[in-house]
Amino acid sequence: MKSRNSMKLYSTPLSHFSRKVRAVADFYELDIEYIDVGNVAEIGIEKYAGNPLMGVPVLEGENLWLVDSDHIIAYLARMYDSADRLRVHSTKMDDLNIRAVLNGLMSSEVRIILGKRSGIPIDEFRFFDKAKQSIAESLKWLEARAERFDPKNISMNEIHLVCALDHLRYLELVDLKPFPKLLDLSEAIGAHPTILRSSPFARKPKPR
Ligand SMILES: N[C@@H](CCC(=O)N[C@@H](CS)C(=O)NCC(=O)O)C(=O)O
């Protein structure tokens with residue numbers, strides 16, 4: 001494990017956006033201190049290392065303060081993996097679209113979770129119908145592109161996919177049975193020892 005200027009990642013153990021960074025850091029064998037900020041529904045920028053958006057992840061170190069999971073990952077790849085083995089810097093149209101859809105799906109999850117956590121009866125508001133529908137449509141879109149993911153050749157896309165799917169499965173927000181290819185991919189990618197280290201299923205058994 002390489003010690004890297006005492007970097008700290010403000011995160012939560014269950015945050016899927018933070019897990020993208022944690023899994024990449026595990027691939028690069030980086031020694032990062034994880035600071036659990038607790039409930040991300042709470043207000044006040046101090047607990048988020050000064051992030052004005054009041055969210056995680058935030059990476060902090062010597063002359064280093066970065067918000068946004070993709071920016072943090074691009075920084076780590078630039079600093080610690082010049083060969084870019086995970087193809088973090090890909091700008092291929094397919095990769096960009098996959099990552100945008102995965103980020104959007106993950107943000108829809110956050111909207112639903114924070115709504116529930118804040119005591120909103122989400123089934124009564126159309127606003128949340130769009131979030132739920134965007135998750136369902138994104139899963140359909142990804143299922144149709146399942147062959148673009150290769151569990152035997154882990155890249156940023158596979159990491160991103162498993163972070164989104166494990167989170168959905170862990171919180172039982174969506175039944176993945178109608179998406180058998182994604183379910184198989186999440187099993188196969190999730191079994192990779194480096195990916196397992198950041199898995200939420202270290203906490204409870206996986207539903208099938
Ligand atoms: N675009 C951001 C999204 C981060 C995000 O939504 N994080 C969630 C936790 S998984 C959060 O902190 N949400 C608090 C909020 O949205 O108020 C990123 O990629 O880092």
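**Exercise 1. The two domains**

Task: Find how far apart the C-alpha centres of domain 1 and domain 2 lie, and describe how the domains touch.

Solution:
- Step 1. This is a predicted model. Its domain assignment gives domain 1 (2-80) and domain 2 (93-202).
- Step 2. The C-alpha centres of domain 1 and domain 2 lie 20 Å apart.
- Step 3. Turn to the contacts. On one side stand 11 residues of domain 1, and they are in contact with 14 residues of domain 2.
- Step 4. Sort the domain 1 side by class. Where domain 1 touches domain 2, it has six nonpolar, one polar and four charged residues.

**Exercise 2. The ligand shell**

Task: Work out where the ligand shell lies with respect to domain 1 and domain 2, and which helix gives the most to it.

Solution:
- Step 1. The ligand has 14 residues around it, and those that come nearest are Ser-15, Phe-17, Val-40, Gly-55 and Ser-69.
- Step 2. Look at the helices. At least two residues of the shell come from each of H1, H2 and H3. H3 gives the most, with three residues.
- Step 3. Place the shell. Both domain 1 (2-80) and domain 2 (93-202) give residues to it, so the shell lies between them.
- Step 4. Split the shell by class: seven nonpolar, five polar and two charged residues.

**Exercise 3. Helix H1**

Task: Compare the span of H1 with the expected value, and say how many of its residues are buried.

Solution:
- Step 1. H1 has 12 residues, and at 1.5 Å a residue they should span 16 Å.
- Step 2. The end C-alpha atoms of H1 are 17 Å apart, which agrees.
- Step 3. Check the cover. In H1, 12 of its 12 residues are buried. Among them are His-16, Phe-17, Arg-19, Lys-20 and Val-24.
- Step 4. Move past the end of the helix. Glu-29 follows H1 and has a positive phi, near 55°.

**Exercise 4. Helix H3**

Task: Describe the length of H3, its buried residues and what covers them.

Solution:
- Step 1. H3 takes in residues 93-117, which makes 25 residues. From first C-alpha to last it reaches 36 Å, close to the 36 Å expected at 1.5 Å a residue.
- Step 2. Its buried residues are Ile-98, Leu-102, Leu-105, Met-106, Ser-108 and Glu-109.
- Step 3. The cover over these residues includes helix H1 (16-27), helix H4 (126-143) and helix H5 (156-170).
- Step 4. After H3 comes Gly-119, with a positive phi near 90°.

**Exercise 5. The largest nonpolar core**

Task: Name the residues of the largest nonpolar core that touch the most other members, then follow the contacts of Ile-159.

Solution:
- Step 1. The largest nonpolar core holds 45 residues. Val-24, Val-56, Leu-76, Ile-159, Leu-161, Val-162 and Ala-164 touch the most other members.
- Step 2. H5 gives the most to this core, with eight residues.
- Step 3. Ask about the domains. The core draws at least three residues from each of domain 1 (2-80) and domain 2 (93-202).
- Step 4. Set the core beside a general tendency. In soluble globular proteins, nonpolar side chains tend to be buried together.
- Step 5. Zoom in on Ile-159. Leaving aside neighbours within four places in sequence, Ile-159 is in contact with Lys-20, Ala-23, Val-24, Leu-86, Ile-154 and Ile-195.

**Exercise 6. Loops and backbone angles**

Task: Locate Met-54, Pro-57, Asp-68 and Asp-84, and note what marks each place.

Solution:
- Step 1. Met-54 sits in the loop between S2 and S3. Its phi is positive, about 55°, although Met-54 is not a glycine. Met-54 counts as partly exposed because it has 16 C-beta neighbours inside 10 Å.
- Step 2. Pro-57 is in the loop between strand S2 (30-36) and strand S3 (58-61). The peptide bond from Val-56 to Pro-57 is cis, with omega near 10°.
- Step 3. Asp-68 lies in the loop between strand S4 (64-67) and helix H2 (69-80). Its count of 18 C-beta neighbours inside 10 Å makes Asp-68 partly exposed. Asp-68 and Val-58 are 10 residues apart along the chain, yet 6.8 Å separates their C-alpha atoms.
- Step 4. Asp-84 belongs to the loop between H2 and H3. Asp-84 is not a glycine, but its phi is positive, about 50°. With 14 C-beta neighbours inside 10 Å, Asp-84 also counts as partly exposed.

Methods
Residues are numbered from 1 along each chain as its sequence is written. This is a predicted model: local features need pLDDT of at least 70, side-chain atom pairs count only at pLDDT 80 or more; totals for chains, interfaces and linings use all residues. Helices (H or I, at least four residues) and strands (E, at least two) are DSSP runs, numbered from the N terminus. The expected span of a helix is 1.5 Å times one less than its number of residues. A residue is buried if 20 or more other C-beta atoms lie within 10 Å of its own, exposed if 12 or fewer, and partly exposed in between; C-beta atoms are placed from the backbone. Two residues are in contact if their C-beta atoms, placed from the backbone, lie within 7 Å. A residue is near a molecule or strand if its C-beta atom, placed from the backbone, lies within 6 Å of it. Ala, Val, Leu, Ile, Met, Phe, Trp, Tyr, Cys and Pro count as nonpolar, Asp, Glu, Lys and Arg as charged, and the others, Gly among them, as polar. Domain bounds come from an automatic or database domain assignment. A nonpolar core is a set of buried Ala, Val, Leu, Ile, Met, Phe, Trp, Tyr and Cys residues joined through C-beta atoms within 7 Å.
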